[in-house]
Amino acid sequence: MVKSRFAVFGTGRYGTQIALSLAKRGAEVFIFDARPERAEHLKDEVALAVTLDATDKKALLGQNVQGIEAAVVAIGENFEATVLTTLNLIDLGIPRIIVRANDANQHRILSSLGVEEILSPESEVAAVVSERLINPSIRGFLQLPDEYEIAEIKAPRNCCGRSLRDISLGSKYELRLITIRREFEEEVNGERTITEHIIGVPQPDTKIRNTDTLVVFGPLKSVKKFLEINE
């Protein structure tokens with residue numbers, strides 16, 4: 001089985017937690033940091049640890065980062081380095097880039113660059129970030145004791161158009177559906193826009209739409225089984 005490959009740029013406490021969480025989940029993790037002591041500290045925990053100034057595009061090209069599935073830019077202390085690193089990764093065609101922002105202004109700037117996934121360390125726990133990276137269909141989750149979780153899942157392709165009765169989350173997958181987050185087109189201030197609403201307690205004949213997010217409760221292994229079978 002081919003391992004998922006991820007890169008983490010910036011290995012302060014937050015970046016380190018993400019890198020280690022990914023490695024524990026069996027991913028191939030490359031870490032890059034301008035500080036030699038940080039790279040040295042993690043070299044035995046990840047697949048590759050390199051001292052590198054990621055704002056230098058030529059240096060990045062030399063590391064063959066184009067082959068990774070996703071990159072996390074977790075440089076916390078230097079926003080200029082965050083922006084330049086992000087622009088370099090965009091130029092190199094990295095398919096998925098997740099970037100740390102420390103405040104609303106940084107978030108706005110990163111959004112203007114076209115970054116769609118922006119992290120707030122205060123609310124985005126490293127374990128959740130790593131789970132989202134490895135399983136892109138999991139949009140968020142809350143870890144509970146005994147390997148249970150509440151997960152927000154993008155509706156799998158094979159479930160769209162089918163009723164909850166037909167999918168049989170409980171009997172087939174040992175999962176309980178809590179609710180569904182569903183997109184609706186509405187008029188706001190005279191303009192048509194897409195908004196998301198909770199549809200309450202879904203009924204057995206409720207049909208899944210391709211833009212739905214399912215909020216489920218159950219063991220982590222059951223969530224992964226459900227996604228593997230239905231994607």
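Buried here means under 20% relative accessible area and exposed means over 50%, with partly exposed in between. Those cut-offs are handy for the charged residues below, but let's set the scene first.

This is a predicted model. The protein chain comes out with an average pLDDT of 88, and 97% of the residues reach at least 70. Confidence bottoms out in strand β7 (residues 138-143), where the mean is 77, and peaks in helix α7 (residues 164-167), at 95.

**The sheet and its helices**

The strands β3-β2-β1-β4-β5-β6, in that order, make up an open sheet of 6 strands with parallel pairing. At the edges sit β3 (48-51) and β6 (117-119), each of which pairs on one side only. Going from one strand to the next, the twist averages 15°.

Take a look at β1 and β4. Strand β1 (residues 5-9) runs parallel to strand β4 (residues 70-73), and 4 bridges join them. Within this pairing, Ala7 stands opposite Ala71 in β4. Helix α4 (residues 79-91) packs on the sheet here, touching β1, β4 and β5 (97-100), and its direction makes about 175° with that of β5. Then there's helix α6 (residues 126-134), which lies across β1, β4, β5 and β6 and runs at about 165° to β6.

**Salt bridges**

Search the whole structure and you get 12 salt bridges. Three of them are listed here with their N to O distances.

| Acidic residue | Basic residue | N to O distance |
|---|---|---|
| Glu28 | Arg5 | 3.7 Å |
| Glu117 | Arg96 | 2.7 Å |
| Asp166 | Arg162 | 2.8 Å |

Start with Glu28 and Arg5, whose side chains meet in a salt bridge. Glu28 belongs to strand β2 (residues 28-33) and Arg5 to strand β1, so the pair ties together parts that are 23 residues apart in sequence. Is Glu28 buried, exposed or partly exposed? Its relative accessible area is 27%, so Glu28 is partly exposed. Arg5 counts as partly exposed too, because its relative accessibility is 25%.

Next up is the salt bridge between Glu117 and Arg96. This pair also links distant parts of the chain, with Glu117 in strand β6 and Arg96 in the loop between α4 and β5, 21 residues apart. Arg96 has a relative accessibility of 15%, so it counts as buried.

As for the salt bridge between Asp166 and Arg162, Asp166 is partly exposed because its relative accessibility is 39%. Arg162 has a relative accessible area of 23%, so this residue is partly exposed as well.

**Around Asp33**

Salt bridges also form a network, which links Asp33, Arg35, Arg38 and Glu77. Where does Asp33 sit? Its place is in strand β2, and with 6% relative accessibility Asp33 counts as buried.

The side chain of Asp33 has a partner besides those charged residues: it reaches the backbone nitrogen of Thr11 at 2.7 Å. Which residues is Asp33 in contact with, leaving aside its neighbours within four places in sequence? They are Gly10, Thr11, Gly12, Arg38, Val50, Thr51 and Leu52. So Thr11 turns up both in the contact list and as the backbone partner of the Asp33 side chain, while Arg38 is both a contact of Asp33 and a member of the salt-bridge network.

Note on methods
Residues are numbered from 1 along each chain as its sequence is written. This is a predicted model: local features need pLDDT of at least 70, side-chain atom pairs count only at pLDDT 80 or more; totals for chains, interfaces and linings use all residues. Side-chain values use heavy atoms; hydrogens and water are left out. pLDDT is the predictor's confidence in each residue, from 0 to 100. Helices (H or I, at least four residues) and strands (E, at least two) are DSSP runs, numbered from the N terminus. Two strands pair if DSSP finds at least two bridges between them. Axes are lines fitted to C-alpha atoms, for helices over the stretch in contact, and angles run from 0 to 180 degrees between N-to-C directions. Contact means heavy atoms within 4.5 Å. A salt bridge is a side-chain nitrogen of Lys or Arg within 4 Å of a carboxyl oxygen of Asp or Glu. Buried means under 20% relative accessible area, exposed over 50%, partly exposed in between (1.4 Å probe, protein chains only). A polar contact is a pair of N or O atoms within 3.5 Å; within protein, one must be able to donate a hydrogen and the other to accept it, and residues adjacent in sequence count only if both atoms are side-chain atoms.
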